[in-house]
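Let's walk through this protein together, one region at a time. Keep the 3D view open and turn it as you read.

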Amino acid sequence: MTSGRTAPDGPSLADGRESTRWAAGLIDSLRSGARRIVALVGEPGIGKTRLIGEIRQESGSDVALLDALCQEQGQAMPFALLRALVMSVRDKLDDAADQRRAQEILDAVGDLVGDTQPVQTIYALFEDFIRSVSTHAPVAVLVDDAHLGDEESITAISLLSRHSGLTGLLIVCSARTEAMSSDSRVISTIGRMVEGPGGEVHELERLHRGDLAALVQSELGASADDRLLDVVEKYSLGNPLFAIAAVQLLGQRSRIALRRDRAYLTDEHAGGGMTKRGALLHRLFMQDNARRTVARLVAIFGPVTLEDIPVLDDIARLPAGAVAAAFDGLIEARILEERPDGAYFFVHPLVGEMLLEDIGPLERKHLHKDLAKALARTGDPQHVRHLVMGADRGDEVAIDAALGAAADLAARRPLSAAQWYERALKIISPADTARRVQCMLGQTTAYWKGSRPARAVESGLAALRVCDDPKIRAELHSVVIGATFAMGEWPTAVRHARAAIAEFPEEPRFLAQHTASLATQGLRAELDPHLRRMRQIAEGEGERPDEVTLSFFGHVGAIVGDRVIFDYATAGLDTLMRSALARGAATGRAVAAAESLAYLYAKTGDVRACREVLATVDRDTGGSRLDLGGQRSFADGLLLAAAGRWDDALALIRRAAIDLEFMELRSNLAWLTLLEAQIEFRKGNVAAVVDLFGTSTRQAQNSRGGGIAEVLLEKARAVLEGREVDVDLIQRVCDIAHDAGWWAAELYAALTAVIAGDGTTAVDMRERIAGLRDRHPFADAEFALSLATEAGDSPPLLAAVLDGALRARSLCWLAIDGIAAHATDGIAAHARDGAVPPVGGGENDELSEDDRHMIALVRDGLNNREIAEVIHFSRKTVEARLSRLYRMFECRSRIELVVEATRQGIL
């Protein structure tokens with residue numbers, strides 16, 4: 001994590017009064033309307049929890065306090081922390097609307113289904129909830145041990161801190177020093193929070209000798225001599241928690257004497273045999289073996305409810321009533337506390353960790369076995385965890401239990417499923433290669449579905465090294481290539497794809513993944529033979545592949561501007577979507593196909609088709625969404641931008657961008673960032689564009705998106721610096737994009753040059769745009785040519801603009817900033833709507849003679865193969881044209897198409 005702004009006025013750990021004053025100052029600034037984002041960083045036991053406790057105590061009833069302690073068990077549970085935060089404040093809310101919003105969040109978290117389906121919704125619900133609560137009271141969010149928080153919750157808090165603009169907001173997150181130096185996404189997200197406005201980092205350092213002396217004096221009521229300080233310093237290393245524990249342990253051993261306000265050691269070997277762990281545990285439990293035994297069981301068991309006490313009693317082997325008394329004593333001593341969900345766990349996670357270390361691995365295993373037996377008798381599902389944790393290698397019952405738990409969670413909570421696969425791997429015999437490989441495949445798929453591509457690649461490559469089953473190897477290759485591509489690591493994706501093709505030369509999916517990786521980098525020499533083969537598949541009569549393969553075909557078609565490949569992909573995805581919707585039960589598959597299809601239409605500027613696809617799937621699935629890789633967010637963002645709803649589009653994009661950045665899905669993030677920058681430019685926020693591309697690492701520059709970003713960045717800088725756009729730079733980008741085959745980047749650069757250049761340049765670039773339109777007949781190219789035509793005409797030829805721009809049926813998002821300056825209000829309005837007004841009075845004057853002939857053949861009962869033979873098209877071309885006709889007539893079947901065409905007088 002980057003350090004952010006290290007605050008000079010942090011709390012003193014040696015002086016309790018000073019730390020109280022610091023906490024009171026935080027709350028006072030909150031009450032005065034300040035916005036502060038605070039990170040408390042330090043080693044275990046340094047005092048982070050104590051400081052959060054001071055802040056909690058200073059928060060009165062006039063502060064809305066959301067307070068939670070993160071625990072390792074919740075890391076794999078999406079929104080576990082968010083749920084705990086909301087529950088901590090829910091019952092203290094007076095406003096009925098706030099209570100309703102709190103319950104909506106809890107319901108949404110409880111209804112998590114699929115991969116990342118509801119995360120954007122939950123982010124929005126959380127922000128709305130905090131906004132509503134903040135109208136009644138300042139809001140404080142306290143997160144202890146934030147490094148153990150689940151990634152989704154930390155992202156939601158980050159969104160709140162970075163984009164809500166709220167005042168009267170305090171967010172405090174504590175984390176361990178060693179965690180903050182890691183490269184985890186949670187830590188990166190915390191780092192970005194404190195780097196923003198109002199952010200500050202307090203690094204809690206170990207006490208120096210003078211501070212340590214003051215702490216010992218406050219504990220003993222007498223100043224310590226040098227020998228006593230030496231021992232305390234040696235065994236605490238300046239950690240205040242361990243220093244107090246060491247002093248208390250020495251006192252219990254009668255090794256400290258007091259004389260005339262002076263404390264000194266009675267034995268030069270007073271510290272012998274003392275460890276930090278031993279000192280702390282002795283301080284907590286003294287000689288109370290019953291409390292220590294129960295605490296050890298809680299450390300193994302996890303959060304304990306009152307209903308679980310008989311289970312602990314069953315295996316503690318203590319006298320009757322001793323467990324209940326010890327449990328109550330642990331609560332009274334503030335070693336355990338009740339959580340919002342009614343379970344009890346350690347106030348400080350460090351205590352649980354040290355108890356686990358104190359138990360040792362062999363005893364831990366035996367305790368897990370005992371707990372599994374006891375819980376199995378009660379029917380508690382938690383017995384599976386203990387069964388697996390206590391199992392010996394090769395235990396078939398435990399292995400089956402772990403794999404069963406993973407399978408049950410795979411669809412709803414894939415990251416939890418991945419954790420169960422990991423547990424299974426630890427107890428599957430190394431000799432059982434087949435079972436280990438199946439388990440590794442499940443884990444790889446779970447990581448990928450849980451949007452953890454880096455872990456999916458790591459797991460997948462490990463499995464490929466030991467797997468010899470061709471079918472499993474093909475699945476593993478596919479996930480590894482797809483995840484690597486999604487992370488924007490295209491050279492690595494090419495390398496993985498080459499290995500897969502060498503092993504499976506006839507597999508279309510690997511061909512498409514390889515070609516997409518090459519095309520994104522503009523490697524034309526290697527690309528062209530692959531494109532020819534993909535066109536052969538698109539024009540052939542073979543069986544249509546699955547949605548993943550079709551999606552990569554679509555990416556390739558969109559990147560290189562190949563309409564044959566693109567139409568093959570979109571027609572196939574459209575067929576899969578409609579087939580799944582017709583079956584009714586395959587909602588997930590229908591939504592996945594629809595979102596991939598809408599994303600492809602959005603990337604080529606076909607707003608109308610994008611809108612129609614999403615409207616269809618939303619209507620037939622009740623609004624179900626997956627947003628895999630941010631595809632739905634990009635499509636929705638484009639539709640909002642096309643409707644002129646700039647602020648709504650930016651809010652959606654920013655939420656999705658943080659999510660994609662967080663999950664390292666850099667490929668789609670690059671395009672989402674471009675759309676964000678384009679809208680900011682259109683709104684006149686050119687400084688925001690420079691900030692996005694000038695300082696962010698989100699935009700990959702060695703790709704087609706990098707060319708568009710470079711042009712947009714130059715335009716923004718020109719505005720900021722009050723100069724003309726550097727047309728020579730734009731032309732260089734245009735030439736580079738042409739050589740790489742990045743038609744969208746070439747188109748955008750050429751259009752920019754037309755608008756900014758002199759007469760000769762404008763003419764040359766208009767000719768280039770016309771050539772691009774002819775070679776790549778997409779909506780973007782059509783619309784760009786219309787704008788270029790208007791920009792070059794004096795006076796503008798309105799008829800030509802209407803004939804081109806309105807027939808484009810889209811808003812070319814690459815030219816959003818050109819609409820206001822170079823298009824009439826009527827053109828801009830129609831472009832935003834994606835509508836095609838009637839030309840000549842008919843509803844479907846865009847129908848070609850081939851279209852009309854095809855509709856007539858459908859009416860006559862011919863199937864697709866028979867139609868292809870009559871009009872001399874390939875069957876896949878017929879399917880693509882029929883899909884376009886379905887969208888044009890807003891129908892879903894051949895019968896509806898014929899009925900609607902008859903109604904309009906076409907038949």
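Helix 23 supplies six residues to the lining of the second largest pocket, the largest share of that lining. Keep in mind as you look that this is a predicted model. Helix 23 covers residues 470-486, and there are other helices that each give at least two residues to the lining: helix 21 (433-449), helix 25 (508-521), helix 27 (547-560), helix 29 (587-603) and helix 33 (666-682). The pocket they help to line has a volume of about 1200 Å³. Its lining is made up of 36 residues, and those nearest the centre are Trp448, Lys449, Val548, Ala592 and Leu628. What kinds of residues make up this lining, sorted into nonpolar, polar and charged? There are 13 nonpolar residues, 14 polar ones and nine charged ones.

Now follow the chain out of helix 21. Between helix 21 and helix 22 (453-466) there is a loop, and Ser451 sits in it. This serine has a positive phi of about 60 degrees, although it is not a glycine. To put that in context, most residues other than glycine have a negative phi. Is Ser451 buried or exposed? Its relative accessibility is 6%, and because buried means under 20%, Ser451 counts as buried.

You can find another positive phi in a different loop. Arg334 lies between helix 15 (322-332) and strand 9 (336-338), and the phi of Arg334 is near 60 degrees. Arg334, too, is a residue other than glycine.

Next, look for His530, which has its place in helix 26 (residues 524-539). Its relative accessibility is 17%, so His530 counts as buried. Which residues does His530 touch, leaving out those up to four places away in sequence? They are Leu511, His514, Thr515 and Leu518. You can also try a distance here: the C-alpha atoms of His530 and Ala516 are separated by 9.8 Å, and the two residues are 14 apart along the chain.

A second buried residue to visit is Ser158, in helix 6 (residues 151-163). Ser158 has a relative accessibility of 0%, and therefore it counts as buried. Apart from residues up to four places away in sequence, Ser158 touches Thr189 and Met193.

Time to turn to the strands. Begin with strand 1 (residues 35-42), which is mostly covered, with seven of its eight residues buried. Which way does strand 4 run beside strand 1, parallel or antiparallel? Strand 4 (residues 169-176) pairs with strand 1 in the parallel sense, over eight bridges. As a landmark for this pairing, find Arg36, which stands opposite Leu170 in strand 4. Strand 1 also runs parallel to strand 5 (residues 199-203), and five bridges join the two. Here the landmark is Val41, which stands opposite Glu203 in strand 5. While you are looking at strands, it helps to know that in a regular strand the side chains alternate between the two faces of the sheet.

Elsewhere in the sequence there is an open sheet of three strands, in the order 6-8-7, with mixed pairing. Its edge strands are strand 6 (223-224) and strand 7 (256-259), and each of these pairs on one side only. Strand 7 and strand 8 (residues 262-265) pair in the antiparallel sense, over four bridges. To trace that pairing, start at Ile256, whose bridge partner in strand 8 is Leu265. Then step along to Ala257, which stands opposite Tyr264 in strand 8. Strand 7 and strand 8 form a hairpin, with two residues between them. Arg260, in the turn, has a positive phi of about 50 degrees.

Finally, step back and view the protein as a whole. How many helices and strands does it have? There are 46 helices and ten strands. The protein has 907 residues, and buried residues make up 57% of them. Among contacts between residues at least 6 apart in sequence, 69% join residues at least 24 apart. The accessible surface comes to about 36600 Å², and 50% of it belongs to carbon and sulfur atoms.

Key:
Residues numbered from 1 in each chain as written. Predicted model: local features only at pLDDT ≥ 70, side-chain atom pairs only at ≥ 80, totals over all residues. Heavy atoms only, no water. Buried < 20%, exposed > 50% of the residue type's maximum accessible area, 1.4 Å probe, protein only. Contact = heavy atoms within 4.5 Å. Areas by Shrake-Rupley, 256 points an atom, 1.4 Å probe, with all protein chains shown as cover. 1 Å grid on protein atoms, 1.4 Å probe; cavity = no way out; pocket = protein on both sides within 12 Å on 5 of 7 lines; lining within 4 Å. Points joined across faces, edges and corners; volume = space filled by probe spheres on them. Nonpolar A, V, L, I, M, F, W, Y, C, P; charged D, E, K, R; others polar. Pairing = 2+ DSSP bridges.
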